Amino acid sequence: MSEDKTVLSVRDLKLYYRTKKGVVKALEEIAFDLKKEDVLAVVGESGCGKSTLARALVRVLPRNIHTYEGKVILNGRNVMELDEETFRREVRWKKISIVFQGAMNSFNPVFRIGYQVAEPLIIHDNVEKKEALNRARQLMELMGMPGAFAERYPFELSGGMKQRAAIAMALITNPEIVILDEPTSALDVLTQANIINLLKRIKNELRLTYVFITHDLGLASELANKVAVIYAGKMVEISAADVFYTEPKHPYSRGLIASVPTLSTDRTPEFISGSPPSLIDLPSGCRFHPRCRFAWDKCRTEEPSMFRLEENHLVRCWLYGGGK
Amino acid sequence: MSSDVRLLELEDLRKWFEIRRGFLSSKTNYVKAVDGVSFSLDEGKAVSLVGESGSGKTTLGKTIIRLYEPNSGRIIFQGKDVTHIRANELKWYRRMTGLVQQDPFGAFASHFTIFRSLEEPLLIHNTVKSKEERAERIFKALEEVRLTPVEDFAYKYPHMLSGGQLQRVAIARAIILEPKLIVADEPVSMLDASVRIEILTLLRRLQERLRLGVIYITHDLATTRFFSEWALIMYAGHVMEKASTQEVLRNPLHPYTRALLTATPEPNPENRNRFKEVPPGEPPALIDPPKSCRFSPRCPHAFDKCFKEEPPEFEAASGHWVKCWLYGRS
Ligand SMILES: Nc1ncnc2c1ncn2[C@@H]1O[C@H](COP(=O)(O)OP(=O)(O)OP(=O)(O)O)[C@@H](O)[C@H]1O
Ligand SMILES: Nc1ncnc2c1ncn2[C@@H]1O[C@H](COP(=O)(O)OP(=O)(O)O)[C@@H](O)[C@H]1O
Ligand code: SF4
Ligand code: SF4
Ligand SMILES: [Mg+2]
Ligand SMILES: [Mg+2]
């Protein structure tokens, strides 16, 4: 069960990219709190900023950054204020680690998988190589891989096995928080279900906190006790998973849930017409208004802020606050 | 009312890929990607081919429309044996069939406008002679896939369109020669959930309106129900279960189908409090698959016979076939 200790607070996180065509406003006004053993699912359509959020939290950024600001408060300390050296030594991997999107295809083909899983320990923790390799083997076994696979090269492993290794690598430094960016999205459903089972078990055993990024709302419900929905770079709803799945409020959240085909109900799935806006040239007012069937004049000119419905339930929509 | 007209029949179809182990080795191995598939499809109906990656779905789809030539078995299309046709007959068959592939972004030449891409098949097959008629066909196809106003889309380049829009263009290209059969190979798996349904609904409407046979390849069981009459569950080159989609989903019989159903994620906040009971392991390599039941290494119900003999397809209920010893009478 979650205890009361807040391990991560994010406030006003903003990240813009600089490109030839203009400034890409990939993330704005991101804010959330995570307690120990929480799992926050971050959901939204392709390009809405999910991976940008992941990279911003561990500060693994491309060169073309235009703006990167806000607060990332880890156990009471704002780590945005740390210089790169301190951040690397004390935060990245050690406190917050990450499984990058597409991680299973990012292994170096010329090194054995066990060595690559051990690498964060060898490089960042100066642990002796032999000890690090042992630890890598243990974690790979924890992830349901035969220990002997540590000796293999990436091309000798299936996608599912490589992805397990990528997760083992994120766990090797004993982090408190693990960011999982689409950790199973290229895998088959049976492999996916097996890995999700492992992620659940490991979370309970190691008392981990996850930020779980996915575009699949069904999958999100396998792990999450909190859900944040991002649309065009901004959070539009955040709430407890129990509330979110039974009573989503934001018109976009409702559309997302309605678009998921289910086997257990007779509901015919519906789609959200239109597509998300360019992050270089955002619409005026509410960013969702061109696709929203509830939109009225105000939505087209004024941007809603996050309205609080309950203690832990915030919605960015004029239907829920600000008067008519 | 139109009665059911048989469009396609597959009899024990096999497609094996030859591979050599090292160039000095004289021994040839085969990847048995499609290994004895039979089914039939009526005009204007859709069948889902469901299975994990590597199960042989794409190979089967491409063999059906004769992008591959089968090693054995028969393909009967509109009563005609097309298994080994060549030259002009094959060209005719190309017109009668169409393909929509998974990756919309890789499907179009980047220096061609949408108009030019759609004109290509018309030029190759030379069915529509005049430029005006071709333009008319192209605009009509764009209209069919709801890329309107058509003039706006026709002269755009692929990079200007979203994945969902490009997949509509791919569908327009697949239907432009007025085929009778379309293979849609994971047509929405690279798209967002919010647009998947839009594309599948579009495909479904075209199927009904144009009386198209559709072979819908997917790894997502949940979508089959709304978009196909029939479902075939594939595993390691074999069809493990086939029946109406409703029947497969309501009354799944094969242990593999049941595992797929259990594993398919559904939005439900209670999921986080329980583990899924799914078989461990991974599908076998198709170079040397188990000689008996191909699911036996992973099957929770496997018994002696499963490791010795390959099960045939048993008709467990009327029109419901299962390749599993649990349903054999012996
Ligand atoms: N290095 C970069 N330079 C410029 N723009 C970028 C860069 N990286 C990402 N973007 C843009 O920022 C936006 C958010 O991208 P991001 O990768 O965070 O999306 P995402 O939600 O993770 O998408 P997906 O679901 O496809 O993984 C997109 O519009 C993307 O094109
Ligand atoms: N051209 C080819 N040559 C050799 N093997 C192939 C070829 N195409 C597919 N295969 C193999 O055939 C099997 C089935 O592949 P495929 O039909 O693509 O499955 P699916 O579409 O279900 O993922 C796989 O083992 C794959 O590696
Ligand atoms: S603010 Fe208006 S346009 Fe935006 S989601 Fe709410 S109702 Fe729709
Ligand atoms: S034949 Fe045997 S091993 Fe194969 S699916 Fe049926 S019970 Fe399982
Ligand atoms: Mg991403
Ligand atoms: Mg395929």
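Ligand 4 is surrounded by His254(B), Pro255(B), Cys293(B), Ser296(B), Cys299(B), His301(B), Ala302(B), Cys306(B), Cys324(B), Trp325(B) and Leu326(B), where a residue is taken as near a molecule if one of its heavy atoms lies within 4 Å of it. By class, this shell around ligand 4 holds eight nonpolar, three polar and no charged residues; in this scheme Ala, Val, Leu, Ile, Met, Phe, Trp, Tyr, Cys and Pro count as nonpolar, Asp, Glu, Lys and Arg as charged, and the others, Gly among them, as polar.

The model is predicted, and local features need pLDDT of at least 70, while side-chain atom pairs count only at pLDDT 80 or more and totals for chains, interfaces and linings use all residues. Residues are numbered from 1 along each chain as its sequence is written, chains are lettered from A and ligands numbered from 1 in the order in which they are written, and side-chain values use heavy atoms, with hydrogens and water left out.

**Ligand 1 and chain A**

Around ligand 1 there are 17 residues, of which the closest are Ser46(A), Lys50(A), Ser51(A), Thr52(A) and Asn64(A). The shell around ligand 1 consists of six nonpolar, eight polar and three charged residues. Polar contacts (pairs of N or O atoms within 3.5 Å; within protein, one must be able to donate a hydrogen and the other to accept it, and residues adjacent in sequence count only if both atoms are side-chain atoms) are listed in the table for ligand 1 and ligand 2. The protein covers 71% of the 640 Å² of accessible area that ligand 1 has on its own, as given by the Shrake-Rupley method with a 1.4 Å probe, in which, for residues, only the protein chains shown count as cover.

Strand 1 (6-19), strand 2 (22-35) and helix 1 (50-58) of chain A are the elements that give two or more residues to the shell around ligand 1, and helix 1 of chain A provides the largest share, four residues. Helices (H or I, at least four residues) and strands (E, at least two) are DSSP runs, numbered from the N terminus.

| Ligand oxygen | Protein partner | Distance |
|---|---|---|
| Ligand 1 | Cys48(A), polar backbone atom | 3.3 Å |
| Ligand 1 | Ser51(A), N or O atom in the side chain | 2.8 Å |
| Ligand 1 | Thr52(A), polar side-chain atom | 2.5 Å |
| Ligand 2 | Gly54(B), polar backbone atom | 2.6 Å |
| Ligand 2 | Ser55(B), polar backbone atom | 3.2 Å |
| Ligand 2 | Lys57(B), polar backbone atom | 2.8 Å |

**Ligand 2 and chain B**

For ligand 2, the protein covers 64% of the 560 Å² of accessible area that the ligand has on its own. Two elements of chain B, strand 2 (28-42) and helix 1 (57-64), give two or more residues to the shell around ligand 2, with helix 1 of chain B contributing the largest share, three residues. The residues that surround ligand 2 include Phe17(B), Val31(B), Glu52(B), Thr58(B) and Leu286(B), and by class the shell has four nonpolar, six polar and two charged residues.

**The contact between the chains**

The contact, meaning heavy atoms within 4.5 Å, takes 43 residues from chain A and 36 residues from chain B. About 3,600 Å² is buried between chain A and chain B, and carbon and sulfur atoms give 58% of that area; buried area is the accessible area (1.4 Å probe) that two parts lose on being put together, summed over both.

Between chain A and chain B there are three salt bridges, a salt bridge being a side-chain nitrogen of Lys or Arg within 4 Å of a carboxyl oxygen of Asp or Glu. Lys276(B) forms a salt bridge with Glu222(A), and their closest N and O atoms are 3.0 Å apart. The two chains also have 19 residue pairs in polar contact, both residues being at pLDDT 80 or more.

On the side of chain A that touches chain B, helix 5 (159-171), helix 6 (189-206), helix 7 (217-223) and helix 8 (241-246) each supply at least two residues. Helix 6 of chain A gives the most to this side, with nine residues, and the side as a whole has 16 nonpolar, 16 polar and 11 charged residues.

**Local features of chain B**

Over all chains, a search of the whole structure finds 49 salt bridges. In one salt bridge the side chains of Glu11(B) and Arg74(B) meet at 3.2 Å, N to O, and this pair links distant parts of the chain, with Glu11(B) in strand 1 (residues 6-20) and Arg74(B) in strand 4 (residues 72-77) of chain B, 63 residues apart.

Asp12(B) is found in strand 1 of chain B, and its phi is near 45 degrees, a positive value in a residue other than glycine. The peptide bond from Thr148(B) to Pro149(B) is cis, with omega near -5 degrees, and Pro149(B) has its place in the loop between helix 4 (131-144) and helix 5 (150-154) of chain B.
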